[in-house]
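Thank you all for coming; I would like to walk you through one structure today, and I will go slowly for anyone who is meeting it now. Please have a look at it before I go on.

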Amino acid sequence: MYIRLPAVLWSLAGIPIAVATHSVHNMAVFHLCLLCCCLCDVLLAAKPQSLRITRTAANSAAVRTPVTQKLTVGNGGKRTFRGAVRDVWPPSVQSSRQIFSFTLLPGETAQFSAQITPVRRGMRKSAHLTVRSCGPLRLAGRQKTFPTGQKLLALPPFLSRRLLPEKIRQLREIEGQTLLLRRGQGTEFDSLREYVPGDDVRAIDWRSTARLRKTVVRTWRPQRDRNIVILADTGRAGAMRHGRYPAFDAYLESIFLLSALAGKAGDKVSVFTLGETIRAEAVKLAGFGAIHTLGAILADIEPTPTQTDWILGAERIRRLFRRPALIVILTKPGTGALSSGLEEAITLLKRHRIVIGTLRHSAAGNGPAETGIYREAASLRTGLEEAEIRRWLKSRNVTVTAGSPQTLPAKIADTYLKLKAGGKL
């Protein structure tokens, strides 16, 4: 049972009645009559259980991408249903409309729609549906809350998608140059064509030239079906905040852009998120459709301030990939990472080509002058430690790519294209 605002306003009318008649008894009689009207209204209201509610909406949507949700309400009772339905979502899902008011005759059906927009990635669940039914006097009514199993998977936004056309164009240029000019360790024979002035004479196939009686050259193309392995840190390095969001959100953008680019290049992508355990993995995905699969797998992963077990990740990669692969490690290569096993993991994976993607340290901040001095000293010490670590990584033939949350995805994609062009995959 619930009381509507008109009943509350009518109850206030008892005060002037008591003042005008100089009798509290009259006010009590008035309130008793009002209470009887409310009880009659409750008895005459339709039962909330007689309402049939069907809700249809998309199962997934990208962050900040609105989707339409439809609510179909049917009156299965014998009384006219006057009331409303409130659709409740968590604060991380914004809804254009939460309360739907209606009047339905017996057997009548109505349909409503609303736009729901997730603002944070992950699995979002609708809390419940609240149904209110009021009587003909609209003073009071019945209320019941029904649990609901509606779920919405909010996928990562993939903001770096805007960079994909440019990177694909660079890939096509690399493939065109490789076809005409160069043969590297990572290229394979494609076809023969007639020699044109300007071709490299080292590409002439003399046996085929003698057989065909015209000068022909061999063309080469980058090898496809290479393994690209991405290992993302969901430990302390992933939980560090850069601006409003944790570093892991920037790692996700790098994963999606590199996966999409590698899919266009014909390579296979494997992704592992590593914390104390391997929290999620996707092995040997191919094609551009792998982006949606990765989004569904990684949408609900949140970084935690725990130590990352790098040895566990290295052993998993060694068991799955016997042939040399490109391994992209997304983390902060500080002294804490090395002490947690990153150094040993790099040694275990020495037969693979390793690229480390990291977010550049920022010393920006506001505060008193004394605080700024300490911040500057800490930044200087961090820079010296990172320089020493980079020298060690360079001695192990590890490439370090650093950038801001906005530029890191593009820089990792450029590193991949550079290795692809040089035949080093």
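Strand β17, at residues 245-246, and helix α7, at residues 247-264, each supply at least two residues of the lining of the largest pocket, and please keep in mind throughout that this is a predicted model. Which element gives the most to that lining? The answer is α7, which contributes 5 residues. As for the pocket itself, its volume comes to about 610 Å³, and among the 25 residues that line the pocket, those closest to its centre are P157, L159, Y245, D249 and E253. If we sort the lining of the largest pocket by character, we find 14 nonpolar residues, 4 polar ones and 7 charged ones.

Let me stay with α7, since this helix also packs against another one, namely α8, which covers residues 290-298. The axes of the two helices are 10 Å apart, and the angle between them is about 160 degrees. Angles over 145 degrees count as roughly antiparallel, and therefore α7 and α8 are described as roughly antiparallel to each other. The crossing of α7 with α8 is right-handed. On the α7 side the contact involves L252, I255, F256, S259 and A260, and these meet I291, L294, G295 and L298 on the α8 side. The residues of this contact divide into 7 nonpolar and 2 polar, with no charged residue in the set.

I now turn to the other end of the numbering, where helix α3, at residues 24-44, has helix α2, at residues 14-21, as a partner. The axes of α2 and α3 come within 8 Å, and they cross at roughly 150 degrees, so α2 and α3 are again roughly antiparallel to each other. Their crossing is right-handed. Here G14, I15, I17, A18 and T21 of α2 meet N26, M27, F30 and H31 of α3, and the residues of that contact comprise 5 nonpolar and 4 polar, with no charged one.

The remaining partner I want to show you is helix α1, at residues 5-12, whose axis comes within 10 Å of that of α3, the two crossing at roughly 165 degrees. That angle makes α1 roughly antiparallel to α3, and the crossing of α1 and α3 is right-handed. Which residues make the contact? From α1 they are A7, W10 and S11, and from α3 they are F30, H31, L34 and C38. By character, the contact of α1 with α3 consists of 5 nonpolar and 2 polar residues, with no charged ones.

If you look back at the two contacts of α3, you will find F30 and H31 listed in the contact with α2, and F30 and H31 listed in the contact with α1 as well.

Conventions
Residues numbered from 1 in each chain as written. Predicted model: local features only at pLDDT ≥ 70, side-chain atom pairs only at ≥ 80, totals over all residues. Heavy atoms only, no water. Axes fitted to C-alpha atoms, helices over the stretch in contact; angles between N-to-C directions. Helix = DSSP H or I, 4+ residues; strand = E, 2+ residues; numbered from the N terminus. Parallel < 35°, antiparallel > 145°, perpendicular 65-115°, else oblique. Left-handed = near helix turned anticlockwise from the far one by under 90°. Contact = heavy atoms within 4.5 Å. Nonpolar A, V, L, I, M, F, W, Y, C, P; charged D, E, K, R; others polar. 1 Å grid on protein atoms, 1.4 Å probe; cavity = no way out; pocket = protein on both sides within 12 Å on 5 of 7 lines; lining within 4 Å. Points joined across faces, edges and corners; volume = space filled by probe spheres on them.
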